[in-house]
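Student: I have a chain open in the viewer and would like to talk it through. Could we begin with a single residue and then move on to the whole?

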Amino acid sequence: MTTVLITGANRGLGLALAQQYAADGAEVIVCCREPARADALKELAASFGDRVRIMQLDVADESSITSLKRMLADKPIDILINNAGINGLSVNEIEAEGWMTTMRVNALAPMLIAQALRDNLRRGSEKKLVAIASILGSTSSAGGGKYAYRASKAALNNGMRALSRDWASDGILVGILNPGWARTKMGGDDGFISPEESARGLISRIAELTPATSGVFQDYRRGVTIRW
C-alpha cells in the first residue's frame, strides 16, 4: 500500500489530494495546524478508517516539524507532498515581518520538512518528494505584484531543484509542480479549474515522476514544462 503524507490537507487542494489518494487505496497521513477543527478531514477518516491518519503540524514552527518526525519514527513514506502555503502580503505590499513569514512558510518549511523526513522517504518504495509550487515563482515569466509570494515560490523551486541533485543518490525523486489556478480559498473564486481537477493532474504527474523529470518545473497538465 502506498503511503502519502500531505501538509496543509484540511482544505482546498490539499484536501482534494487526500480524498483522491484515499479513494485510490493509499494510506494517507494528512497534516494540519488544528486537527480538532478539521471537520473535512474527520469525515475523510470516518469514511476510510485506519487508512487516513490526521496529524498536527504547523509548518511555520520548527518544533512542530520535529514533533511530527518523532511521532512518525521510522515509518516509510512513499510520497511526501509539501502543499501548505500562504499568499502572504497583499499585491504591492513590501513589509519585513510579513515578507519573512511568507518565506518561512512557502520556502523554508518545505525544506525543513524534507530534511526531517528524509529517512522516512529513503525507507519508502517510491521515494517521491513533491513541492506544490506556482507559475508565479517563474522568474522568466514574472509579472508585477505579489512580490513576497513570487519570491517565496522562486526560492522553493531553487531549493527543491538542489535537493533533486543532492538526494538522487538516495533514489529520491523530486517533483516541482504548478497546480494551476484552482478555485480555492487561497486561489479565489476566479480560478480556471476546480481543486479536484488540479489534484487529478498532480497525482498523474507524481505517478509519472522519473529521474528524467526529477527537479524539473512542471505543470499539472501533462507534457507542460515551465521556464525557471
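Student: Which helix is D39 found in?

Tutor: D39 belongs to helix α2, which covers residues 39-48. Please keep in mind that this is a predicted model.

Student: How exposed is D39?

Tutor: D39 is partly exposed, because its relative accessible area is 48%, and the partly exposed class runs between 20% and 50%.

Student: And how far is D39 from R122?

Tutor: In sequence, D39 and R122 are 83 residues apart. In space, their C-alpha atoms are 32 Å apart.

Student: Changing topic: how many helices and strands does the chain have?

Tutor: The chain has 7 helices and 7 strands. Their order along the sequence is β-α-β-α-β-α-β-α-α-β-α-β-α-β.

Student: Is the overall fold compact or extended, going by its radius of gyration?

Tutor: The radius of gyration is 16 Å, and a compact globule of 228 residues would have one near 17 Å, so the chain agrees with a compact globule. The C-alpha trace spans about 45 × 40 × 35 Å along its principal axes.

Student: What share of the residues is buried?

Tutor: Of the 228 residues, 49% count as buried. As for the surface, the chain exposes about 10,500 Å², and carbon and sulfur atoms supply 50% of that area.

Student: Which residues have the most contacts inside the largest nonpolar core?

Tutor: They are L5, L72, L80, L117, L129 and M160, in a core of 31 residues. Several elements each supply at least two residues of this core, including β2 (27-32), α3 (62-72), β5 (128-132) and α6 (147-166). Helix α4 gives the most, with 5 residues.

Student: Why would such residues gather together?

Tutor: As a general rule, nonpolar side chains in soluble globular proteins tend to be buried together.

Student: What does M160 touch, beyond its neighbours within four places in sequence?

Tutor: M160 is in contact with N82, P110, M111, L129, A131, V174 and I176. Apart from this largest core lies another core, of 30 residues, with A22, I81, I132 and Y220 among them.

Student: How many of the contacts join residues that are far along the sequence, at least 24 apart?

Tutor: Among contacts between residues at least 6 apart in sequence, 68% join residues at least 24 apart.

Student: Last topic: how many charged side chains are there, positive and negative?

Tutor: The chain has 27 positive and 24 negative side chains. The centres of the two sets lie 4 Å apart.

Note on methods:
Residues are numbered from 1 along each chain as its sequence is written. This is a predicted model: local features need pLDDT of at least 70, side-chain atom pairs count only at pLDDT 80 or more; totals for chains, interfaces and linings use all residues. Side-chain values use heavy atoms; hydrogens and water are left out. Helices (H or I, at least four residues) and strands (E, at least two) are DSSP runs, numbered from the N terminus. The radius of gyration is taken over C-alpha atoms; the globule rule is 2.2 Å times the number of residues to the power 0.38. Buried means under 20% relative accessible area, exposed over 50%, partly exposed in between (1.4 Å probe, protein chains only). Contact means heavy atoms within 4.5 Å. Accessible areas come from the Shrake-Rupley method with a 1.4 Å probe; for residues, only the protein chains shown count as cover. Lys and Arg count as positive and Asp and Glu as negative; His and the chain ends are not counted. The place of a charge is taken as NZ of Lys, CZ of Arg, CG of Asp or CD of Glu. A nonpolar core is a set of buried Ala, Val, Leu, Ile, Met, Phe, Trp, Tyr and Cys residues joined through side-chain atoms within 4.5 Å.
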